[in-house]
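Work through these exercises with the structure open beside you. Try each task before you read its solution.

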Amino acid sequence: MSLFFRQSAGFFLQLFPCGLLCFLPFGAESLRTSRRRVFTGLTVAALVLAGLFPLMVAVTEPYPVGSVSHNLYMLLAVVLLAVAYFYLLKEPLVKKLLVLYLAVFYAASQYWLVIATLPLLNGGHFSNEIYSVQCLFLYAVTSVVMLPPAVLAFSRVVRDFLREIEARSMKREFFLTMFSTLACFGLMIYYSSVADYTTPDFWRLYGPPFLLVLIGQCLIYYLLLRESVRRKRDADSQKAMEIQRLQYENITREMENARRMRHDMRHWLNGLADLLEQDKTEEMKDYLAQVIDRTVKRENTVYCHNPTVNGLLQYYVGQAESAGIRCLVQAECGELTILPTDLTVIFGNAMENAIRACQKAEQNRWISIQVGTIGGSLMVQIENPCTEIHPSGRYKLDGSFLPAAAFLSARAGGGYGLGSLEHTARKYGGDARFCYDGQKQTFTTRIRLNLHPEIL
């Protein structure tokens with residue numbers, strides 16, 4: 001029983017982490033089934049394969065190292081998991097292969113460390129048993145040391161890279177990862193052919209430099225993926241800044257034109273009222289008085305004490321009401337440290353999206369606008385009915401708040417409205433999240449901007 005347990009446990013420790021790392025960087029939107037089912041199935045499959053390993057690999061005891069049955073069974077297990085991996089993922093092939101290279105590098109590094117360290121525990125020689133007590137101990141120790149940072153890297157660095165970089169744009173990273181991994185594997189094979197692990201001088205002469213090679217390879221992966229994400233975000237930021245500048249110019253021009261038109265309209269109506277007064281047409285006077293009153297009231301409505309936010313709300317609420325959209329406004333904010341250009345981008349994009357969505361609704365057109373400062377942050381939430389969305393497929397729309405990448409632009413030729421909101425919020429150390437409620441058919445934009453981002 002002890003022998004059976006050692007072989008099963010050793011096989012599981014060697015197989016399961018590699019399979020876990022393969023699926024870890026991908027979200028639920030990338031899988032053909034739920035993440036829970038995938039990881040449950042992976043665990044069960046690894047346990048079954050590990051349980052059958054002692055029964056199917058060797059006929060005699062002890063199990064000889066390097067036996068054909070052992071290698072064939074291990075190859076069969078890897079092939080089965082690889083088939084499941086490629087089938088269950090809906091991502092492009094280049095993304096699957098890149099993650100597979102990284103997971104195989106982890107497995108190969110662990111195997112080399114175990115093989116190189118094993119003679120130190122066996123008195124300078126190898127054991128004939130595949131997973132001896134010492135070997136199982138080393139696999140357990142290396143798993144405890146290596147798996148947590150690997151899980152952290154795959155769930156953050158690799159996942160960020162896969163989400164930020166499109167498959168058609170990652171050829172450079174893919175080939176650099178592939179060639180550097182193959183070069184590292186070649187170095188491992190070379191060391192295995194010329195180094196004698198059983199000599200006491202191995203770790204003193206050969207071990208440290210090769211450990212540095214493994215660590216250096218991990219740094220290559222990290223810097224390559226991080227640098228790619230940084231370059232992509234810098235390019236998006238420059239594009240977003242240019243779009244924001246154009247949006248600010250267009251919005252301020254439209255606001256000025258609308259203000260001038262209201263001013264001219266008021267004078268024209270006043271003149272017309274004077275002419276009608278001479279004929280004493282009371283009904284026309286009352287009508288014109290009401291029109292003038294509504295025009296002045298809209299321009300003089302005070303939503304909050306911040307002049308920029310108040311002016312933007314006046315402008316967009318006026319646009320919405322002219323389109324027959326009812327607006328519910330609750331705004332409380334005074335002096336802000338946020339630039340007027342950035343406030344224009346925030347309210348301009350969010351309100352234009354809300355008005356456009358309401359115009360597509362046949363009835364029940366409304367926009368709820370909430371603005372306030374909470375705990376050193378400016379909070380903006382805009383909710384409106386929404387009957388049509390364009391999900392990107394990268395996130396599951398389950399009613400939770402998601403980043404801009406979860407949605408595609410509905411405009412012809414694409415757009416950067418949600419991306420501009422996200423970029424502007426990130427500029428102030430905040431965030432922008434978006435939620436689509438399929439049952440209520442509403443879309444909510446929630447933005448948080450830190451008023452003092454320099455102290456973060």
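**Exercise 1. A pair across two strands**

Which residue in strand 2 does Gln 330 stand opposite?

Solution. This is a predicted model. Start at Gln 330 and step across to strand 2: the residue opposite is Gln 370. Next, look at how the two strands are joined. Strand 2 covers residues 366-374, and seven bridges link strand 1 to strand 2. The two strands run parallel.

**Exercise 2. The sheet and its edges**

Find the order of the strands in the sheet, then explain why strand 1 and strand 4 each have one side without a neighbour.

Solution. Step one: count the strands. The sheet is open and has five of them. Step two: read across. The order is 1-2-3-5-4, and the pairing is mixed. Step three: go to the edges. Strand 1 (326-332) and strand 4 (431-437) stand there with a single partner strand each, so one side of each has no neighbour in the sheet. Step four: follow the twist. From one strand to the next, the twist averages 10 degrees.

**Exercise 3. Helices on the sheet**

Which strands do helix 10 and helix 11 touch?

Solution. Take helix 10 (residues 307-322) to begin with. Helix 10 packs on the sheet and touches strand 1 and strand 2. Its direction makes about 165 degrees with that of strand 1. Now take helix 11 (residues 340-360). Helix 11 also packs on the sheet, touching strand 2, strand 3 (377-385) and strand 5 (442-450). The direction of helix 11 makes about 15 degrees with that of strand 3. Last, trace the chain: strand 1, helix 11 and strand 2 form a β-α-β unit, and that unit is left-handed.

**Exercise 4. Helix 10 against helix 11**

Are helix 10 and helix 11 roughly parallel or roughly antiparallel?

Solution. Begin with the geometry. The two helices pack at an angle of about 20 degrees, and their axes are 10 Å apart. Angles under 35 degrees count as roughly parallel, so helix 10 is roughly parallel to helix 11. Then list the residues. Helix 10 contributes residues including Leu 312, Leu 313 and Tyr 316, while helix 11 contributes Phe 347, Met 351 and Ile 355, among others. Finish with the classes: ten nonpolar, four polar and one charged. Helix 10 passes helix 11 in a right-handed crossing.

**Exercise 5. Helix 4 and its two partners**

How is helix 4 oriented to helix 1 and to helix 5?

Solution. Helix 1 (residues 2-23) and helix 4 (residues 93-121) pack at about 155 degrees, with axes 9 Å apart. Helix 1 is therefore roughly antiparallel to helix 4. Among the meeting residues are Leu 13, Pro 17 and Leu 21 of helix 1, and Leu 100, Ala 103 and Tyr 111 of helix 4. This contact has twelve nonpolar residues, two polar and no charged.

Now turn to helix 5 (residues 133-164). The axes of helix 4 and helix 5 come within 10 Å and cross at roughly 160 degrees. So helix 4 is roughly antiparallel to helix 5. Their contact has 21 nonpolar, six polar and one charged residues.

**Exercise 6. Positive phi**

Where do Asn 364 and Gln 441 lie?

Solution. Most residues other than glycine have a negative phi. Asn 364 has a positive phi, near 55 degrees. It sits in the loop between helix 11 and strand 2. Gln 441 has a positive phi near 55 degrees, and lies in the loop between strand 4 and strand 5.

Notes. Residues numbered from 1 in each chain as written. Predicted model: local features only at pLDDT ≥ 70, side-chain atom pairs only at ≥ 80, totals over all residues. Heavy atoms only, no water. Pairing = 2+ DSSP bridges. Helix = DSSP H or I, 4+ residues; strand = E, 2+ residues; numbered from the N terminus. Axes fitted to C-alpha atoms, helices over the stretch in contact; angles between N-to-C directions. Contact = heavy atoms within 4.5 Å. Right-handed = clockwise from strand over helix to strand, strands pointing away. Parallel < 35°, antiparallel > 145°, perpendicular 65-115°, else oblique. Nonpolar A, V, L, I, M, F, W, Y, C, P; charged D, E, K, R; others polar. Left-handed = near helix turned anticlockwise from the far one by under 90°.
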